[in-house]
Amino acid sequence: MNKYHLTVIVIISYFSLTAQNNNIDVENKLDTTHLLSDLPIDLVKKQLKAYNSRNIESFLEPYDDDVEAYIHSTNKLAFKGKDAMRKVYSEIFENTPNLHCELINRIVQGNTIIDKERVQFGEKIIEAVAIYYIENKKIKKIYFVN
């Protein structure tokens, strides 16, 4: 190992340890909304931002036309397709005061993303998990765990 490689390893290790020790979530602090990307993580970030903005068209954009949403505990199909999703989420966006989803934790494993979320619906706050499966550069399936 030459001197250059050792220096790079030391620098990377330092920043990694500093971020961990200070509980810095670097990925979620960076604003990447100006970048057009269809990476799995970017699709999920985009839909979360649109959800909190209550922008139905931006919210639906990362989803496949035949998206499927399931209730994890029963493996029951909640809805299928963007039209059904538009109907469900338009109603939520229009009729729910103080609607906001806070990302608590995120796991990215290839084309699967698991988000731990704290969601405020009016005065009610729930913690839930959403599992996103990405296929062909779109969110194809979602499983809701609560």
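Buried, as used on this tour, means under 20% relative accessible area, exposed means over 50%, and partly exposed lies in between (1.4 Å probe, protein chains only). The model is predicted, so local features need pLDDT of at least 70 and side-chain atom pairs count only at pLDDT 80 or more, whereas totals for chains, interfaces and linings use all residues. Residues are numbered from 1 along each chain as its sequence is written, and side-chain values use heavy atoms, with hydrogens and water left out.

**The whole chain**

Begin with the cartoon view. The protein comprises 5 helices and 6 strands; helices (H or I, at least four residues) and strands (E, at least two) are DSSP runs, numbered from the N terminus. Along the sequence they follow the pattern α-α-α-α-β-β-α-β-β-β-β. Of the 146 residues, 32% count as buried. Among contacts (heavy atoms within 4.5 Å) with a separation of 6 or more, 42% are between residues 24 or more positions apart.

**Helix α3**

Select α3 (40–53). Its 14 residues should span 20 Å at 1.5 Å a residue, and the end C-alpha atoms are 20 Å apart, which agrees; the expected span is 1.5 Å times one less than the number of residues. Because 10 of the 14 residues are buried, α3 is largely enclosed by the rest of the structure. The buried residues are Pro40, Ile41, Asp42, Leu43, Val44, Lys45, Gln47, Leu48, Ala50 and Tyr51.

Within this helix, select lysine 45. With a relative accessibility of 17%, lysine 45 counts as buried. Its C-alpha atom is separated by 9.5 Å from that of proline 62, 17 residues apart along the chain.

Move next to glutamine 47, also placed in α3. Glutamine 47 counts as buried, at 3% relative accessibility. Beyond residues up to four places away in sequence, glutamine 47 touches Phe59, Pro62, Tyr63, Tyr132 and Ile139. For a distance to check in the viewer, the C-alpha atoms of glutamine 47 and serine 58 are 6.9 Å apart, with their positions 11 residues apart in sequence.

**The nonpolar core**

Which residues have the most contacts inside the largest nonpolar core? They are Tyr51, Phe59, Tyr63, Met85, Tyr89, Tyr132 and Ile139, in a core of 25 residues. At least two residues of this core come from each of α3, α4, β1 (63–71), α5, β4 (112–121), β5 (124–135) and β6 (138–145). The greatest contribution is that of α3, with 6 residues. A nonpolar core here is a set of buried Ala, Val, Leu, Ile, Met, Phe, Trp, Tyr and Cys residues joined through side-chain atoms within 4.5 Å. In soluble globular proteins, nonpolar side chains tend to be buried together.

Now select isoleucine 139 and display its neighbours. Leaving aside residues up to four places away in sequence, isoleucine 139 touches Leu43, Val44, Gln47, Pro62, Tyr63, Asp64, Val67, Tyr132, Tyr133 and Ile134.

**The second largest pocket**

Select Tyr89, Glu117, Val119, Phe121 and Phe144, which lie nearest the centre of the second largest pocket among its 24 lining residues. Two or more lining residues come from each of α3, β1, β2 (76–80), α5, β4, β5 and β6. The largest share, 5 residues, belongs to β5. By class the lining has 21 nonpolar, 2 polar and 1 charged residues, where Ala, Val, Leu, Ile, Met, Phe, Trp, Tyr, Cys and Pro count as nonpolar, Asp, Glu, Lys and Arg as charged, and the others, Gly among them, as polar. A pocket is found on a 1 Å grid over the protein atoms alone, as an open set of points where a 1.4 Å probe fits, with protein on both sides within 12 Å along at least five of seven lines; lining residues have an atom within 4 Å of a point.

**Three loop residues**

Finish in the loops. Arginine 54 lies between α3 and α4 (56–60) and has a positive phi of about 60° although it is not a glycine. Arginine 54 is partly exposed, at a relative accessible area of 31%.

Threonine 96, in the loop between α5 and β3, touches Arg54, Phe121 and Gly122, not counting residues up to four places away in sequence. Threonine 96 is buried or exposed? At 13% relative accessibility, threonine 96 counts as buried. Its C-alpha atom is 5.9 Å from that of glycine 122, 26 residues apart in sequence.

The last selection is asparagine 98, in the loop between α5 (82–95) and β3 (100–109). Its phi is near 55°, a positive value in a residue other than glycine, and asparagine 98 is partly exposed, with a relative accessible area of 42%.
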